[in-house]
Amino acid sequence: MSYKLCEKVRKLEPYEPINGNYRIRLDANESFFNLPEEIKEEIKNIIDQMDFNRYPDPTAKKLTAAFSDYYGLNPDNITVTNGSDEMLYLLASAMLEKESRVVVVNPDFSMYGFYSFLSENAVYTYQKNDELNINVDDLVAFAEENIADMIIFSNPCNPTGRGITADDARKLIKKCENCLVVLDEAYMDFWSEPLLKEAHEYDNLIVLKTASKAVGAAGIRLGFAVANSSITKALRAIKSPYNVNSLSQEIGTCIYSHKEMLQKHRDEIFSNTRELYIQLKKIIENYQLPMKIYEPCANFVFLETDKADKIYEFMLENSVAVRYFKEAQALRITTGSQEQNKEFLVLFEKYIMKKILKTNR
Ligand SMILES: *Cc1c(COP(=O)(O)O)cnc(C)c1O
């Protein structure tokens with residue numbers, strides 16, 4: 001008898017982001033800003049001072065202080081991980097008992113369901129309505145019906161860009177008092193309904209943040225969980241001690257201390273997103289296309305169309321990468337710089353003229 005992979009992992013495929021050398025990347029919700037030269041210089045100096053032979057600080061003290069300072073939080077309520085993805089895995093595995101019941105929503109970030117699957121939880125999926133909104137009363141009822149141990153969703157949502165208000169989120173947390181509620185506020189920098197600052201006031205809430213989106217530091221993998229002190233103690237206990245490497249801690253500390261730069265970038269990213277949305281909407285209305293576009297509250301635009309796969313392919317052929325969602329028949333277009341967005345829009349219109357209008361004649 002030879003070793004056989006267990007059923008659960010046998011059919012899995014490694015995660016494959018779009019690979020290839022595309023000229024314009026609008027597919028992964030990254031920031032289009034790299035770090036400014038003067039900050040890169042600062043980082044070079046920091047690297048010069050580092051003790052590479054030593055393990056990193058398991059409490060990430062300096063980074064936690066810089067992060068808390070940026071968002072106005074108490075450092076005692078923060079746990080740092082190697083991207084928020086690491087925390088998502090910890091929540092599904094270590095934070096829950098075996099065969100726990102997890103409620104996710106659809107459409108939403110697919111990793112919630114994936115880590116719950118790996119951790120052998122039972123996953124229950126609440127379907128959003130036609131406008132891609134969550135009705136909080138319905139979600140509460142759904143969670144109660146399925147005796148949820150954990151509810152997890154992104155707010156505002158990746159990929160739809162829609163969100164629930166802070167009041168609705170508060171209602172959900174209070175009504176589901178026996179259940180751990182995880183609000184992934186990865187994109188909340190672009191919107192105005194955060195529960196981040198009050199996370200510690202609840203018995204059953206964890207708010208997640210990441211450095212990968214508005215902060216523009218996806219390359220150094222930093223995630224943050226904000227919660228009351230007893231949840232935080234548990235999170236710090238279940239994470240591996242040296243999960244965040246020294247380099248990322250140092251660079252993250254430096255980046256979060258540049259508040260003005262971060263806010264300026266965030267504002268420009270959001271205004272580019274709005275402009276992209278307005279221009280796309282204009283094209284759709286001009287040509288009376290059967291497409292649905294949603295007003296964004298994050299750094300991307302969500303577009304439903306039965307031509308999503310075709311447009312996606314056309315964009316790739318022109319070296320522009322966007323994200324295609326097969327099940328939803330939709331595209332998610334991360335904002336780029338103004339020039340990049342313009343190129344995308346020109347191509348989009350070109351596709352409409354060539355392919356859609358022609359065949360309809
Ligand atoms: C991108 C994203 C993350 C991942 O964050 P990392 O810190 O890069 O792991 C988490 N949640 C949502 C909703 C995201 O879109």
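Helices here are DSSP runs of H or I at least four residues long, and they are numbered from the N terminus. With that in mind, and remembering that the model is predicted, begin by selecting Ser116, which lies in helix α5 (residues 111-118). Ser116 has a relative accessibility of 1% and therefore counts as buried, the cut-off for buried being under 20%. If you set aside the neighbours within four places in sequence, the residues in contact with Ser116 are Ala92, Val102, Asn121 and Val123.

**The loops with cis peptide bonds**

From α5, step back to Pro107, whose place is in the loop between β3 (101-106) and α5. Look at the bond that joins Asn106 and Pro107, because it is a cis peptide bond, with an omega of about 0°. Then select Pro156 in the loop between β5 (150-154) and α7 (166-175), where a second bond to inspect, the one joining Asn155 and Pro156, is also cis and has an omega of about -5°. These bonds deserve a stop on the tour because most peptide bonds are trans.

**Two residues with positive phi**

Next, select Glu99, in the loop between α4 (83-92) and β3. Glu99 is not a glycine, yet it has a positive phi of about 60°, and with a relative accessibility of 60% it counts as exposed. Now move to Ala60, in the loop between α2 (37-49) and α3, which likewise is not a glycine and has a positive phi, here of about 45°. Is Ala60 buried or exposed? Its relative accessibility is 2%, so Ala60 counts as buried.

**A pair of helices**

Following on from Ala60, select helix α3 (residues 61-71) together with helix α9 (residues 246-256), which pack with their axes 8 Å apart and at an angle of about 25°. The two helices are therefore roughly parallel to each other, and α3 passes α9 in a left-handed crossing. To see where they meet, show Lys62, Leu63, Ala66, Phe67, Tyr70 and Tyr71 on the α3 side, and Gln249, Glu250, Gly252, Thr253 and Tyr256 on the α9 side. Sorted by class, this contact of α3 with α9 comprises six nonpolar, three polar and two charged residues.

**A paired strand**

Continue to strand β2 (residues 78-81), where Ile78 and Val80 point one way while Thr79 and Thr81 point the other way, and all of these are buried. Adding strand β8 (residues 223-226) to the selection shows the partner of β2, as the two pair in the antiparallel sense over four bridges. Within this pairing, Ile78 stands opposite Val226 in β8.

**The five-stranded sheet**

Finish with the open sheet of five strands, which runs in the order β1-β11-β12-β10-β9 and has mixed pairing. Which strands stand at its edges? They are β1 (24-26) and β9 (292-293), each of which has a single partner strand, so that one side of each is left without a neighbour in the sheet. At the β9 edge, β9 and strand β10 (residues 300-304) pair in the antiparallel sense over two bridges, and Lys292 has Glu304 in β10 as its bridge partner. Helix α10 (residues 259-286) packs on the sheet, where it touches β9, β10 and β12 (330-334), and its direction makes about 25° with that of β10. As a last selection, take helix α11 (residues 308-317), which lies across β11 (320-325) and β12 and runs at about 160° to β11.

Key: Residues numbered from 1 in each chain as written. Predicted model: local features only at pLDDT ≥ 70, side-chain atom pairs only at ≥ 80, totals over all residues. Heavy atoms only, no water. Axes fitted to C-alpha atoms, helices over the stretch in contact; angles between N-to-C directions. Parallel < 35°, antiparallel > 145°, perpendicular 65-115°, else oblique. Left-handed = near helix turned anticlockwise from the far one by under 90°. Contact = heavy atoms within 4.5 Å. Nonpolar A, V, L, I, M, F, W, Y, C, P; charged D, E, K, R; others polar. Pairing = 2+ DSSP bridges. Buried < 20%, exposed > 50% of the residue type's maximum accessible area, 1.4 Å probe, protein only.
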